Amino acid sequence: MKMTVDEKPLQINRGISILEAIYSSGARLQEPDCGPVRRWTNNYCCPAIHLAEVDGQLVTSTLLARLMAQDGMSVKTSSPSIDKALAERTRMLQERHECFFVRGMQKVIAAEAESAGFIKMEEWEKFAFPLRGAAPSLVHDPNRCVRCRACVDTCRDVQTVEALRFDAVEGVLIDEQRCVRCGQCIHICPSGATHKYRKLIDLLGCGSCPFDKPLGAMRERDETANAWSLLHSDDCYPVAQFAPAVRASLAQEFGLAPGELVTGKLYAALRRMGFRQVWDTNFSADLTIMEEGSELLHRLKHSGKLPMFTSCCPGWVRFAETFFPELLPHLSTSKSPQQMLGAVAKAYAARRLDVDPRRMKVISFMPCTAKKTEAVRPEMNSAARYLRSKDHASDFPDVDLVLTTRELARLLKMAGIDFGALPEERADPILGSYTGAAPIFGRTGGVMEAALRTAAALVTGLPPEKMEFRELETIEGIKATALQIGPVTIKAAVVHGLGNARKVCDSVRSGGEFASYHFIEFMACPGGCIGGGGQPIATNASTRAARTAGLDKDDREVCALRVSHENPEVKSLYTDFLQTPLSPVSHQLLHTHYTERPIPANPL
Ligand code: SF4
Ligand code: SF4
């Protein structure tokens, strides 16, 4: 057979691909200059930027490798149309971190929205609105929005927050004061939902590329570039922590089964990315139980404010601050595990490691968009305040940067880490060990269950008789029961989703049924953190169930110890530094206060 490559005749055998024919002629596909973005992609056969022209049609490298060369075919590796396409595609990658193919998928989604009558494609392609959002968690890009209004409905009907409004000219408008940063609007937004095109992405070989998924019209504020800079700065000592729920959801971003536990591989991956210490938020989940369980017992014993509300979910905390400020004394003053780890990392572990706490940068990987807002609360600088009283002059936050599970996957792909091929490793000592009480923090009912295990031991002085509280399992959103903990009867409830939280708060406020309870767990997102706004897309009933099963497996089958007060590193932290739960130094570093946030008189 005869064909031409760059106008030079070539004799070929039947059954070879066009790409093989190009290589056998000595020609090569162009290597466009993608600047720093290219260094991130680590995808040297990226189909978006490796092209040839075959009989006048642009064809990607992936297809060139699959299509057979034909007699009489004319192939060009350089032509004005290749130059034009490459210029446009590399510009998109460099300037907007947006892939040509991904943009194409969004156009398909927009065409579907046009058929449903939401937009006119002609007008959509000309949108040029500035970005909106709720800093520092959420970005809304009106130019990608297909105006389906699903986010407006979710915020109003599921979360009862009503932070979004639809305007016929401007599109979706967001009220930053009302928004609690839960991120549930991200999961419903169709413009980020390219899991429907997963097979196409895999076919094209894009799975290892950080740009393989679109940044939807509703999305988290992306911190991957800032994390990359911290990791490559000589002035920093970057340390990592990742939340309980991340270990049971990250697998989905790498094409593995949803809910598969990747704890050991994630320790290995973060270490290879350059983190100097790889710690685990599960450690500080155990620490949270020590403080929160002791606080509950203290309130029960000393006629404190009851029911006590859990406080580790920052979306829920902001909801309470905004819509139920009179109930704030019910919130446990114990900080969330993310913030506890940041505080003890800089006030305690830095000294053990002989590292200047001002150089230590704590980067968190969380299933949650509200955690980004939690980390920048002005009071979340406990380590700096503690150390200032010991002659350190400067101020710094306890947690420096928060990335979602989705951003973590992007960062790992930027670093070119082959996640599936990594060995299982362990966390670093000091703040790395955990018990089975910690992973269950990531699912609804878990904080309650973990606290009751330790509370039972503290009340009776004996190991808890009961580890699992199935009577508190709920997919409906509210579950209440009375539990016998030693000689004490505790009326406990578990609530997830803010619409349900509103019902229970209304009841407590009006002296209704829940006012007589002792302990109530609240989570802003359906299912708890496993359904968090920063989790992989799709997050739905089936992925939430798989992730819950993964966390329960960690508790029941992987962890040798299952009660927080038996965590050996938590015990050492108290012996060496904090003394006891609720001690003055524990209060200084591990407890916080809340702020009333006035609601605008006229919602959007
Ligand atoms: S983040 Fe939550 S509260 Fe804010 S707009 Fe989205 S759904 Fe509403
Ligand atoms: S942001 Fe997403 S969910 Fe909201 S209207 Fe636009 S496309 Fe629909």
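Where is the place of R149? In this predicted model, R149 lies in the loop that connects β7 with α7, the helix of residues 150–158. The backbone of R149 adopts a positive phi of about 70 degrees, although R149 is not a glycine. R149 has 17 C-beta neighbours inside 10 Å; a residue counts as buried at 20 or more and as exposed at 12 or fewer, so R149 is classed as partly exposed.

A second non-glycine residue with a positive phi is D6, for which the angle is about 50 degrees. D6 belongs to the loop between β1 and β2. These two strands form a hairpin with two residues between them, and D6 is in the turn. The pairing of β1, residues 2–5, with β2, residues 8–11, is antiparallel and extends over four bridges. Within this pairing, M3 has L10 of β2 as its bridge partner. D6 is partly exposed, because 17 other C-beta atoms lie within 10 Å, a count between the limits of 12 and 20.

Strand β7 takes part in an open sheet of three strands, arranged in the order β6-β7-β10 with antiparallel pairing. The edges of this sheet are occupied by β6 (132–134) and β10 (218–220); each has a single partner strand, and therefore one side of each is left without a neighbour in the sheet. On average, neighbouring strands of the sheet are turned by 25 degrees against each other, direction ignored. Strand β6 is joined to β7, residues 138–140, by three bridges, and the two run antiparallel. In this arrangement R132 stands opposite H140 of β7. In general, the strands of a sheet pair through backbone hydrogen bonds, in either a parallel or an antiparallel manner.

The surroundings of ligand 2 were also examined. Around this ligand there are 14 residues, of which C145, C148, C151, C189 and A217 come nearest. By residue class, the shell around ligand 2 consists of 11 nonpolar residues, one polar residue and two charged residues.

Cis peptide bonds were also identified in the model. One joins L306 and P307, with omega of about -5 degrees. P307 is placed in the loop between α12, residues 281–301, and β13, residues 308–309. Another cis peptide bond joins I537 and A538, where omega is about 15 degrees. A538 is likewise found in a loop, between β18 (519–523) and α20 (541–558).

Conventions. Residues numbered from 1 in each chain as written. Chains lettered and ligands numbered in written order. Predicted model: local features only at pLDDT ≥ 70, side-chain atom pairs only at ≥ 80, totals over all residues. Near = placed C-beta within 6 Å. Nonpolar A, V, L, I, M, F, W, Y, C, P; charged D, E, K, R; others polar. Pairing = 2+ DSSP bridges. Axes fitted to C-alpha atoms, helices over the stretch in contact; angles between N-to-C directions.
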